Amino acid sequence: MSNSTSSHTVADDLAAITGPEHFRVNEGMFNIAPANTEEVAAVLRYANGNSITVAPWGSGTKQSWGDPIQPSLILHTHRLNTVREHTWQDMTCIVQAGCIWSGMQASLAKHGQFVALDPLWPDRATIGGIAAINDSGTLRLRYGSLRDLIIGMTIVLADGTIARSGGKVVKNVAGYDLHKLMIGAFGTLGIITEVTFRLHSIARDVQSFTVFSGDVEPLGQLLMRILDSHLSKQSLQLRSNPGGFALDVRLATLPEVLRDQAAALSKLADSLQLEISDSDCNVWNARQALVDQTESFTTKATMLPSEISAITAMVHSLGGTSVTQATGIMTASIPLGASAQLDQLRHKLEAASGSLTVLHCPADATPVASTVPSDTLPLMRELKHRFDPNRILNPGRFLGGI
């Protein structure tokens, strides 16, 4: 914050933007809740001119992810909370960033549509936070990631400029896909205020199956065979826990086809001397249950699908548990006593063209680097400089102190 502006004046000026009822000072930190994109722009314009660091805040579900920061101003998005437009005929919608994920899905479901993504904490997480972190679950196998599902975005840049990227139709070739740069940037390049999604029809006929094994290798082989098959797979995940391993498969297709597909899946399992059984939808909450643990290290790893069984075996040998999507994204819980082996796990992943990020450290743990700078770090630093030269947006939270 600049020395030329007193905190009293700053408080008065910020409160004037949203009205005093939407501004407060809590333990020396400013908190403000804009009502629309224009008010967000006014807040950032003022913050940028007075060197006030800003952290956007939805529901706070992932504020502990990334490196810790100490902002001067928390910008809350809970007043940006509506599905602004649902063009169900074109299968698109425009949603404000502070809207809760499950609330949006409930609104879209009235027309049998949804955003085909299964993020963590859907009853609490906001659209903006999910996009900023680039969260996704097992539905990614069938429908793609957020960068495939988001076709447009309204962003407020650090200097208060309002930028709109993409459009309202699924096929759009106008301009640079600025929104793809914002997805996964942890709020360091701009603040998302609205998102335009492409939608899909809700699958009405789905069935889940699970294969258990005391050895991960045959499950890894089955996973690869399912990926290479013509089965109508919607989700596929490999789980590990102290008792063994499990492969979950969810098929989604027409009811008259589902029986034949289930038989084909059973045949694939039989070829590896594995027995398949029906399972309920609760197995797809395994990642959520794992992340909710706070007494262990929570990590996110990326890898090739062919490496899933080997990395799962290594995490298991450390006493950890894991849930890995067939797309090669693993969420793992590593016990406090195995912290020394995190670097070993990271080196193994990087040697196989993967990566490891520590999302959560236990309160009593020795701090562990969340990530290791990559070869693209100079480019990312240059992007940060171009978008936020005064470093007011979540400074230091992203990889390499960006």
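**Entry 1: Pro 218**

I looked up Pro 218 and noted that this residue counts as buried, at 16% relative accessibility. The model I am reading is a predicted one. I located Pro 218 in helix α8. I then listed its contacts, leaving aside neighbours within four places in sequence, and found Ser 213, Leu 272 and Leu 274. For Leu 274 I also noted the separation from Pro 218: they are 56 residues apart in sequence, and their C-alpha atoms are 7.9 Å apart in space.

**Entry 2: α8 against α9**

I stayed with helix α8, which covers residues 216–228, and looked at how it packs with helix α9, residues 255–270. I recorded an angle of about 145° and a distance of 10 Å between the axes. The crossing of α8 past α9 is right-handed. Which residues make the contact? From α8 I wrote down Leu 222, Arg 225 and Ile 226, and from α9 Leu 265, Leu 268 and Ala 269. Sorted by class, this contact has 5 nonpolar residues, no polar ones and 1 charged residue.

**Entry 3: helix α3**

I next took helix α3, residues 101–109, and asked which of its residues are buried. I found Trp 101, Met 104, Gln 105 and Leu 108. Looking down the axis of α3, I saw that these buried residues fall within an arc of 95°, so they line one face of the helix. I then checked what covers the buried residues of α3, and noted that the cover includes the strands β5 (83–87), β6 (92–96), β7 (113–114) and β10 (191–198), together with helix α4 (127–133).

**Entry 4: the nonpolar cores**

I turned to the largest nonpolar core, which has 42 residues. Which residues have the most contacts inside this core? They are Met 104, Val 115, Met 182 and Phe 197. I noted that at least two residues of the core come from each of β6, α3, α4, α6 (146–149), β8 (150–156), α7 (178–182), β10 and α13 (377–387). Helix α4 gives the largest share, 4 residues.

I followed Met 182 further and, not counting residues up to four places away in sequence, listed what it touches. The list holds Ala 131, Ala 132, Met 153, Ile 155, Leu 157, Leu 189, Gly 190, Ile 192 and Phe 387. I also recorded a second, separate core of 40 residues, which includes Phe 209, Val 216, Leu 274 and Leu 356.

**Entry 5: Asn 134**

I placed Asn 134 in the loop between α4 and α5 (140–143). Is Asn 134 buried or exposed? At 13% relative accessibility, I counted Asn 134 as buried. Its contacts, not counting residues up to four places away in sequence, are Leu 146, Arg 147, Ile 183, Gly 184 and Lys 300.

**Entry 6: positive phi angles**

I looked up two residues that have a positive phi although neither is a glycine. For Phe 186 I read a phi of about 60°, and for Arg 391 a phi of about 50°. Where do they lie? I found Phe 186 in the loop between α7 and β10, while Arg 391 lies in the segment after α13. I then read their accessibility. Phe 186 has a relative accessible area of 14% and is buried; the cut-off for buried is under 20%. Arg 391 has a relative accessible area of 36%, and I entered this residue as partly exposed.

Definitions and conventions: Residues are numbered from 1 along each chain as its sequence is written. This is a predicted model: local features need pLDDT of at least 70, side-chain atom pairs count only at pLDDT 80 or more; totals for chains, interfaces and linings use all residues. Side-chain values use heavy atoms; hydrogens and water are left out. Buried means under 20% relative accessible area, exposed over 50%, partly exposed in between (1.4 Å probe, protein chains only). The arc is that of the directions from the helix axis to the C-beta atoms. Contact means heavy atoms within 4.5 Å. Axes are lines fitted to C-alpha atoms, for helices over the stretch in contact, and angles run from 0 to 180 degrees between N-to-C directions. A crossing is left-handed if the near helix is turned anticlockwise from the far one by less than a right angle, and right-handed if clockwise. Ala, Val, Leu, Ile, Met, Phe, Trp, Tyr, Cys and Pro count as nonpolar, Asp, Glu, Lys and Arg as charged, and the others, Gly among them, as polar. A nonpolar core is a set of buried Ala, Val, Leu, Ile, Met, Phe, Trp, Tyr and Cys residues joined through side-chain atoms within 4.5 Å.
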